[in-house]
Protein chains: 2
Amino acid sequence: MAKVSIKEVAKQARVSAATVSRALSTPKLVNDKTLTRVLKAVKDTGYKPNRFGASLRTQKSGNVVVVMPDITNQVNAGIIRAIENEAMQAGYSVLLGDTQNIEARESHYGDMVTSGQADGILVFTPRIPFPVDENRQAFHDLPPLVNSCEEIPDDNINKVLIDNKAGAMAAVNHLISLGHKRIAAIKGPSFTPSTESRLVGYKEALNDAGIVIDDRYIITGDYGTDSGVVAMEKLLRLKNRPTAVFCFSDDMAIGAMNTLREYDFKIPEDISIMGFDDISYAKLMSPTLTTIKQPLEDIGRESMRMLLALMKGEQTTCKSITLPFELVIRQSTGPVPTS
Amino acid sequence: MAKVSIKEVAKQARVSAATVSRALSTPKLVNDKTLTRVLKAVKDTGYKPNRFGASLRTQKSGNVVVVMPDITNQVNAGIIRAIENEAMQAGYSVLLGDTQNIEARESHYGDMVTSGQADGILVFTPRIPFPVDENRQAFHDLPPLVNSCEEIPDDNINKVLIDNKAGAMAAVNHLISLGHKRIAAIKGPSFTPSTESRLVGYKEALNDAGIVIDDRYIITGDYGTDSGVVAMEKLLRLKNRPTAVFCFSDDMAIGAMNTLREYDFKIPEDISIMGFDDISYAKLMSPTLTTIKQPLEDIGRESMRMLLALMKGEQTTCKSITLPFELVIRQSTGPVPTS
DNA sequence: ATACTAAATGAAAACGATTTCATGAGTTGT
DNA sequence: ACAACTCATGAAATCGTTTTCATTTAGTAT
C-alpha cells in the first residue's frame with residue numbers, strides 16, 4: 001500500500017534503478033523484454049514515482065500557481081476552469097491561490113514560484129506577488145509569469161487582457177444611442193486597473209457625445225452584489241436621478257437591479273442598467289441583463305498557453321495580447337424615458 | 001535572483017548548513033548571535049528554502065488536494081474559499097482539482113496523495129479517486145481523506161455531510177403546508193448520492209402526507225441552470241401541471257423560473273418554486289428564491305479541520321459529521337392557487 | 001583541579017528520483 | 001578475425017534539505 005521506492009521495483013525486476021527510471025520516462029531506451037518485466041514489477045508493487053525526488057533532480061515541479069483575488073466570483077471561476085483544462089493537457093497541475101486581495105497571501109503564493117515549488121505563475125491581481133529586482137531589464141529576468149485581467153503597470157511583463165476602456169466606451173455609447181444623457185457609473189475599487197481603464201472609457205464616451213461629467217454620478221463599489229445594492233441606493237437619492245447606470249460588473253448590476261425592484265422602479269422603462277462580464281446569470285435575470293461579454297474561456301486558455309510557452313522557453317519576446325469583448329444587448333436597457 | 005541554496009547561506013554566515021536549517025525551522029536551538037548572523041545572510045542572499053529538498057527528507061509536502069466536480073458552481077466556490085482559508089492558517093497549500101466528473105481527472109488528482117505530493121485529500125465527488133485495497137478494514141488504511149457533500153458509500157471513510165434527505169423533506173413539507181398537492185421535483189443526476197438522498201426525502205414527505213407519487217413529476221437535470229430550463233419546459237407540457245416544483249439546486253430553480261417567466265406564469269401565484277443550496281444569487285432573483293440553505297463555509301471549514309486532524313494523527317476514529325441545513329422562505333413559494 | 005552536564009555546532013547520512021559516464025554484449029563491415 | 005559501431009545496462013553522482021550523532025566549548029558541582 002505504502003512507500004515503495006524505485007529500488008524495490010528495481011529489485012523485483014532484477015534491474016537497476018536507472019533502468020526503471022528509463023522504462024517509465026523514456027521507454028525507447030530500454031529493451032522490450034526488460035521493459036515488460038519492469039512494467040510488471042511496477043504494477044505488482046503499486047509503485048508511484050515520488051515527485052519530490054524527481055523534482056529535486058530535474059528542477060521542474062510540474063506545477064503552476066494561479067493567483068486570483070476571488071474565486072467565488074463567477075468570472076474568475078470560469079477562467080480557472082479554462083486554465084486548468086489547458087494546464088492538465090500539458091501535464092501541469094494547478095496550485096490555486098485565492099488571495100482575497102490580501103498582500104500576505106499573494107506573497108505566499110508568489111514564493112512558491114521563487115522557491116521552485118512551481119515552474120510558472122499566472123497573476124490576476126494588479127501586483128507581482130514577490131519581490132523583484134527593480135532595475136531589471138526584461139521579462140525574462142522574472143520566472144515565467146503571465147499577468148491577466150488586472151494589468152500590472154510594467155511593460156516588461158507578459159499580459160493577456162481585454163480592452164477595458166473600449167469595452168466601457170461601447171457600453172456607454174450603447175446607452176447614449178438610446179438617448180440617455182444622465183448616465184451614472186458604478187465602478188470598482190480604485191486599486192484595480194480594470195476599473196480605472198473602464199472609468200477612462202466611460203468619461204471619454206461621454207465627452208465625445210458632449211455630455212458633461214457629473215462626479216455625483218460616479219459611485220465606487222467593490223465588484224460584488226452587495227455593493228451594487230448600496231451604490232444604487234445612493235443614486236436614487238440624487239435630485240437629478242440618472243436614467244441609465246453602467247455597472248462595471250454584472251454582480252453590481254444585479255445588486256443595482258435588486259434595489260430598483262425594491263423601490264418599484266421599472267427596468268428599463270424608468271432606468272436602464274448595464275453590466276460588464278456576462279456571467280452565466282446575466283441572461284437569467286429578470287429582466288435579462290445587457291452587458292459587455294468577456295471571453296472568459298479564451299482568457300484562461302490564452303493565459304495558460306502563454307505561460308506554457310514561456311516555461312518551455314518557446315517565447316522569447318515579451319508579449320501582450322488583447323482579446324475581443326462583445327456588447328450583448330438584452331432587456332435591461334431601453335430608450336430614455338420621455339417624461 | 002535565482003538558485004541560492006542553503007550552502008551559500010551557510011558560507012556567508014560562516015556556519016554549517018545544519019545551523020542554517022535550524023535557524024530557520026527551530027531557532028531556539030541556535031545561539032542568538034549566530035542566529036542574527038544567519039538571518040542576515042538569508043536576507044542578503046535572498047534565500048528561499050527549496051521545498052522539494054525539504055519534502056524529500058521529511059516526507060511531508062505541505063499540500064492538500066481538493067477534488068471537486070465543478071468549481072464554476074457557486075456552491076463549490078464558496079466551499080473552496082473556506083477550505084483555503086483554513087488550510088492556509090495551518091500552513092498548507094491547496095491543490096485544486098476540477099474534475100468535471102471525468103474519472104481520469106479524479107485519478108490524476110488522487111495520485112497526488114498516493115505519490116506523496118500531497119499529505120491529504122478532500123473528496124467532493126462520490127468516488128475515491130485512487131485504487132484502494134478493497135479488503136481494507138479501517139479508515140486509516142487510506143491516506144488522510146475526508147469525503148464531503150457527495151457521500152461515498154463506504155463506512156470506513158471520514159465524512160462531512162448535510163442531511164440531504166431531511167433537507168428535501170423540509171422543502172416538500174414547506175410546500176405541503178402551503179396546500180400544494182401536485183409537487184414536482186427537478187432532481188440531479190442519478191450518480192450523485194446527494195440527489196438520491198433528496199429524492200428519498202421528497203418521496204417520504206409526500207408519502208407521509210398521503211400524496212401519491214407520480215413519476216411524471218420527477219425530471220432529471222444536471223444541477224445546472226440550462227437543465228432547469230429544459231426540465232421546466234417538460235413539466236409545463238403535462239396535462240396536470242404541478243402547482244409547485246422542488247428543484248434540487250438553486251441553479252436549476254433559476255433555470256425553471258426563467259422558463260416560467262418566458263411562458264408568462266406568475267411565481268408563486270401560478271406555480272411555486274423551491275431551490276436547494278442558497279447560493280448568493282438566490283436572494284437576488286425576482287422573485288427571491290425560497291430554498292434550503294447549505295452551510296457552505298461550515299462545510300469547507302469542518303472538512304479541512306478534520307483533514308488537518310487526520311494528518312496530524314490527532315483523530316484516531318472514523319468520524320462522520322452532519323451539519324445543519326436551514327429552510328429559507330422567500331418569495332418564490334406561496335399558497336396553492338385556488339382555481 | 002576533576003568530573004560531569006548542558007548548550008551550540010558541524011560532519012555526514014539519509015530521502016528518491018534522474019542522468020552522466022563507462023562498460024559489456026551484439027552487429028556489421030572489412 | 002578485428003575494428004568500429006550501436007544498444008542496453010549499471011554504478012555512482014547529484015539535486016537541497018533535515019536530522020542523527022559526535023564533538024567542542026563553557027559552565028557547574030564536587
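This is a short exchange about a predicted model, its two protein chains and DNA strand C.

Biologist: What makes A:Ile6 count as a residue near DNA strand C?

Modeller: A residue is near a strand if one of its heavy atoms lies within 4 Å of it. There are 26 residues around DNA strand C, and A:Ile6 is among those that come nearest, together with A:Ser21, A:Asn50, A:Arg57 and B:Thr19. Of the atoms of DNA strand C that come within 4 Å of the protein, 64% belong to sugar and phosphate.

Biologist: Why is the pair between A:Gly53 and DNA strand C called a polar contact?

Modeller: The limit is 3.5 Å between N or O atoms. A backbone N or O atom of A:Gly53 lies 2.9 Å from a base nitrogen of the strand, so the pair qualifies.

Biologist: What makes B:Asn31 and B:Thr34 partners of the phosphates of DNA strand C?

Modeller: For B:Asn31, a backbone N or O atom is 2.9 Å from a phosphate oxygen. For B:Thr34, a polar side-chain atom is 3.0 Å from a phosphate oxygen. The cut-off is 3.5 Å, so each is a polar contact. As for elements, helix 2 (17-25) and helix 4 (51-58) of chain A, along with helix 2 (17-25) and helix 4 (51-58) of chain B, each give two or more residues to the surface near the strand.

Biologist: Which element gives the most to the surface near DNA strand C?

Modeller: Helix 4 of chain A does, with five residues. By residue type, the surface has 10 nonpolar, 10 polar and six charged residues.

Biologist: How do you know how much area chain B and chain A bury between them?

Modeller: The size of an interface is often given as the accessible area lost when the parts come together. For chain B and chain A this comes to about 5,000 Å², with 56% of it on carbon and sulfur atoms. Chain A puts 53 residues into the contact and chain B puts in 52.

Biologist: Why is the pair of A:Lys48 and B:Asp111 called a salt bridge?

Modeller: The rule asks for a side-chain nitrogen of Lys or Arg within 4 Å of a carboxyl oxygen of Asp or Glu. Here the closest N and O atoms are 3.6 Å apart, so the pair passes. Six salt bridges are found across the interface of chain B and chain A, and 21 residue pairs are in polar contact there.

Biologist: Which element gives the largest share of the side of chain B that touches chain A?

Modeller: Helix 5 of chain B, with eight residues. That side of chain B divides into 19 nonpolar, 21 polar and 12 charged residues.

Technical notes. Residues are numbered from 1 along each chain as its sequence is written. Chains are lettered from A and ligands numbered from 1 in the order in which they are written. This is a predicted model: local features need pLDDT of at least 70, side-chain atom pairs count only at pLDDT 80 or more; totals for chains, interfaces and linings use all residues. Side-chain values use heavy atoms; hydrogens and water are left out. A polar contact is a pair of N or O atoms within 3.5 Å; within protein, one must be able to donate a hydrogen and the other to accept it, and residues adjacent in sequence count only if both atoms are side-chain atoms. Helices (H or I, at least four residues) and strands (E, at least two) are DSSP runs, numbered from the N terminus. Ala, Val, Leu, Ile, Met, Phe, Trp, Tyr, Cys and Pro count as nonpolar, Asp, Glu, Lys and Arg as charged, and the others, Gly among them, as polar. Contact means heavy atoms within 4.5 Å. Buried area is the accessible area (1.4 Å probe) that two parts lose on being put together, summed over both.
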